[in-house]
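Let's walk through this one as a round of questions and answers. Have the viewer open while you read.

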Number of protein chains: 2
Amino acid sequence: MKNAFYAQSGGVTAVINASACGVIETARKYPGQIGKVYAGENGIIGALTENLIDTSLESEDDITALNHTPSGGFGSCRYKMKSLEENKAEYERLIEVFKAHNIGYFFYNGGGDSADTCLKVSQLSESMDYPIQAIQIPKTVDNDLPVTDNCPGFGSVAKYIAVSTLEASFDVSSMAATSTKVFVLEVMGRHAGWIAAAGGLVDDSIPVVILFPEVDFNEKAFLEKVDNNVKDFGYCTIVVSEGTKWPDGRFLAEQGTRDDFGHAQLGGAAPIVANLIKESLGYKFHWAVADYLQRAARHLASSSDVKQAYALGQAAVEMALAGKNSVMPAIIRISNKPYKWEIGFGELKDIANVEKMMPEDYISKDGFHITKKCRDYLLPLIEGENYPPYNGGLPDYVVLKKSKAEKKLPPFKI
Amino acid sequence: MKNAFYAQSGGVTAVINASACGVIETARKYPGQIGKVYAGENGIIGALTENLIDTSLESEDDITALNHTPSGGFGSCRYKMKSLEENKAEYERLIEVFKAHNIGYFFYNGGGDSADTCLKVSQLSESMDYPIQAIQIPKTVDNDLPVTDNCPGFGSVAKYIAVSTLEASFDVSSMAATSTKVFVLEVMGRHAGWIAAAGGLVDDSIPVVILFPEVDFNEKAFLEKVDNNVKDFGYCTIVVSEGTKWPDGRFLAEQGTRDDFGHAQLGGAAPIVANLIKESLGYKFHWAVADYLQRAARHLASSSDVKQAYALGQAAVEMALAGKNSVMPAIIRISNKPYKWEIGFGELKDIANVEKMMPEDYISKDGFHITKKCRDYLLPLIEGENYPPYNGGLPDYVVLKKSKAEKKLPPFKI
């Protein structure tokens with residue numbers, strides 16, 4: 001009987017812990033087939049440094065509470081392992097740690113980079129003749145993984161952005177007669193506009209202009225659009241992706257701004273856009289940058305998203321027990337209305353290093369909104385509310401004990 | 001039998017419509033004593049221009065739905081009426097409009113400026129010999145009105161900031177090993193630090209540093225504090241009020257920043273603080289500016305706040321029927337644990353133009369956190385969740401019909 005290793009990778013989400021919960025609760029249901037589930041402290045680094053959290057020492061209640069707790073309960077990391085040729089020692093170290101702790105299942109919870117690492121671990125395990133079943137559990141607010149219909153973490157961010165766009169639009173609408181006429185919300189998504197697209201889910205009666213990374217910023221057309229909205233509706237709401245670029249390829253946010261001391265100023269896209277409007281059209285504005293708030297907002301998680309995150313963690317364990325290797329469980333959409341989905345899977349070789357961009361026909365012709373097709377795709381993903389329990393006015397999120405397994409190997413420098 | 005006039009004033013909140021709901025539903029219970037409730041379209045401007053929304057034409061369901069709808073359902077305005085000496089014509093116009101529509105009750109839902117207007121209307125009605133009972137209904141996210149223990153709108157913002165601080169802290173905590181170590185959240189509050197203080201409501205195990213407008217920014221002590229937190233906890237969360245100032249009185253956000261074209265750049269305090277940390281300590285950071293999202297977030301309203309907003313609207317009507325004039329219903333706190341409160345009232349002359357600042361003993365000695373006394377004051381205000389109904393993944397907020405009463409007077413230019 002083999003133990004399992006689970007790690008969280010890259011930017012965390014409101015529901016990555018729900019996947020962890022799915023993995024651990026499911027593994028606990030098969031005590032004759034899976035031994036302990038060790039979690040990497042701070043992701044894959046925990047495996048390299050042999051900092052393995054023994055999840056069997058966490059109470060049932062605390063593991064269940066992961067299902068409603070945002071962030072990475074075991075710590076995540078931004079650490080992309082180099083290629084096998086460049087740093088074989090690291091991969092060999094992984095296998096050594098796995099061997100030392102009798103680990104036969106490798107569950108890696110992350111996005112595109114993680115799929116690549118996961119694939120390499122699987123390949124190396126073959127060539128090193130130590131059997132490891134490597135299974136990726138999809139996670140990314142960017143929604144850019146192939147094979148799966150959508151990625152856990154995205155639905156909850158989309159819900160947060162849609163709700164925030166709605167609420168802020170109501171606000172600016174009631175101020176517009178004498179004060180603020182334009183509200184700008186900056187959202188995540190450096191390469192793909194999936195998150196920005198969620199701002200288009202509000203009712204058509206609300207004038208929203210979206211700036212996508214996929215569409216070169218056309219300042220003139222944009223200002224005209226905003227001006228027309230203010231004239232027609234009294235106000236305008238703008239959702240700008242952090243990845244929106246000028247036609248010359250620079251990010252909007254890279255404005256070359258300097259402070260009093262001549263230091264380069266890291267701005268946001270939102271204040272840049274707001275200032276353009278102020279200078280050209282003269283409208284009073286407000287702007288917000290959601291940043292981490294959007295991906296940590298478990299208080300407003302989408303119910304579909306929480307269920308899928310859990311189900312994918314569960315499926316990963318079941319696939320491992322069924323002997324699968326080098327795969328990723330995936331969401332297969334069956335229908336939009338009513339929303340139905342099932343779990344399928346893809347091969348890691350078809351997933352690693354492939355980015356799924358927004359289809360062209362998801363963006364309206366003028367480049368400033370989403371199409372009905374996009375709306376039909378997105379709406380089911382924000383369906384349903386799944387509130388965490390509260391205690392004294394605040395969500396009752398769990399902090400795990402994180403007791404570690406005894407080390408068996410000499411230290412390793414990363 | 002007289003009609004009533006109701007108007008929303010200044011920045012809107014997640015619960016000002018709950019007060020409107022309290023006014024209208026209560027007035028409808030006394031059909032023999034109060035005629036119609038007219039609402040000013042876009043606040044007091046609606047009275048001056050005789051744009052009166054006839055709320056009797058709104059359905060019962062829509063009025064009830066105001067209780068869970070953020071923003072100003074009738075439109076608000078930023079329009080401070082000048083002194084009686086400077087612009088008596090405007091006040092006389094108000095009285096003319098009230099006379100033309102047989103209005104005997106003036107309910108003004110706003111903050112300090114509104115109390116001043118409300119008081120003047122009451123005084124002028126005496127001197128012009130047209131009886132008007134003028135009653136202020138408190139509203140302000142700034143929580144800076146005297147007499148009342150707290151202001152409707154504040155509790156929900158405080159809950160949003162406390163929850164967001166908690167969630168973002170969980171996020172940065174799980175990223176800190178290899179990536180972001182500092183998260184900066186900018187919150188509202190130009191003069192008083194009430195909203196920033198809400199960031200201190202998270203558990204003591206979370207290292208939060210608060211920058212208040214009441215405390216001159218001490219860069220050296222601040223950077224030391226942040227650095228110590230990162231060393232002790234691995235990360236640090238900063239909640240900075242937009243009103244935080246350098247010792248010379250300039251706002252942090254007024255950094256004199258210029259863009260490529262030499263235009264003054266309207267920044268936020270958050271990116272300024274984040275850059276200071278990056279340059280002095282070298283830590284990777286993320287920052288967010290909550291702006292309108294915080295005050296529009298009805299999806300996360302505090303239950304205490306919604307109840308009090310409604311109760312104050314209801315009380316305003318009951319006070320009017322009891323013959324009161326030139327007053328404001330107020331929250332009187334009876335106990336913290338369990339939280340008990342009742343409705344009292346204050347005289348407008350004691351409220352107009354008085355700002356209630358945070359008591360000194362609510363801020364910790366080092367100036368970077370709140371005291372237990374402050375915590376005990378704030379906690380009951382964020383108690384309880386009061387979720388709006390959802391439809392297709394989004395809150396089901398109401399947009400009123402806003403049919404207007406026929407005009408009876410010549411136009412008036414404001």
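Q: Which domains does the assignment give for chain A, and where does domain 2 lie in the numbering?
A: Keep in mind that we're looking at a predicted model. The domain assignment of chain A builds domain 1 from the pieces 2-140 + 298-354 + 383-395. The other one, domain 2, covers 154-296.

Q: How many Å separate the centres of domain 1 and domain 2 of chain A?
A: Take each centre over the C-alpha atoms of its domain. For domain 1 of chain A and domain 2 of chain A, the separation comes out at 34 Å.

Q: How many residues does each of these domains of chain A put into their contact, and what classes are on the domain 1 side?
A: Domain 2 of chain A brings eight residues and domain 1 of chain A brings 13 residues. Sorted by class, the domain 1 side has five nonpolar, six polar and two charged residues.

Q: What symmetry relates chain A and chain B?
A: Chain A superposes on chain B with an RMSD of 0.0 Å after a rotation of 180 degrees, and the shift along the axis is 0.0 Å. A half turn with no shift is what we're after here, so the relation is that of a two-fold axis.

Q: Which residue of chain A has the C-alpha nearest the axis?
A: Look along the rotation axis that superposes chain A on chain B. The nearest C-alpha in chain A sits 2.4 Å from that axis, and it belongs to A:Val289.

Q: Why can we say that the copies meet through the same surface?
A: Chain A and chain B each give 68 residues to the contact. The copies use the same surface because the interface residues of chain A are also interface residues in chain B, at a share of 100%.

Q: Which element gives the largest share of the side of chain A that touches chain B?
A: The elements giving two or more residues to that side include helix H9 (269-281), strand E9 (285-289) and helix H6 (154-175) of chain A. By class, the side divides into 32 nonpolar, 23 polar and 13 charged residues. The largest share, 13 residues, comes from H6(A).

Q: How are H4(B) and H5(B) oriented to each other?
A: Helix H4 (residues 88-100) and helix H5 (residues 112-127) of chain B have axes 10 Å apart. B:Tyr91, B:Leu94 and B:Ile95 in H4(B) meet a set in H5(B) that includes B:Val121 and B:Leu124. The packing angle is about 75 degrees. H4(B) and H5(B) are therefore roughly perpendicular.

Key:
Residues numbered from 1 in each chain as written. Chains lettered and ligands numbered in written order. Predicted model: local features only at pLDDT ≥ 70, side-chain atom pairs only at ≥ 80, totals over all residues. Least-squares fit on C-alpha atoms with pLDDT ≥ 70 in both. Contact = placed C-beta atoms within 7 Å. Axes fitted to C-alpha atoms, helices over the stretch in contact; angles between N-to-C directions. Helix = DSSP H or I, 4+ residues; strand = E, 2+ residues; numbered from the N terminus. Parallel < 35°, antiparallel > 145°, perpendicular 65-115°, else oblique. Domains from an automatic or database assignment. Nonpolar A, V, L, I, M, F, W, Y, C, P; charged D, E, K, R; others polar.
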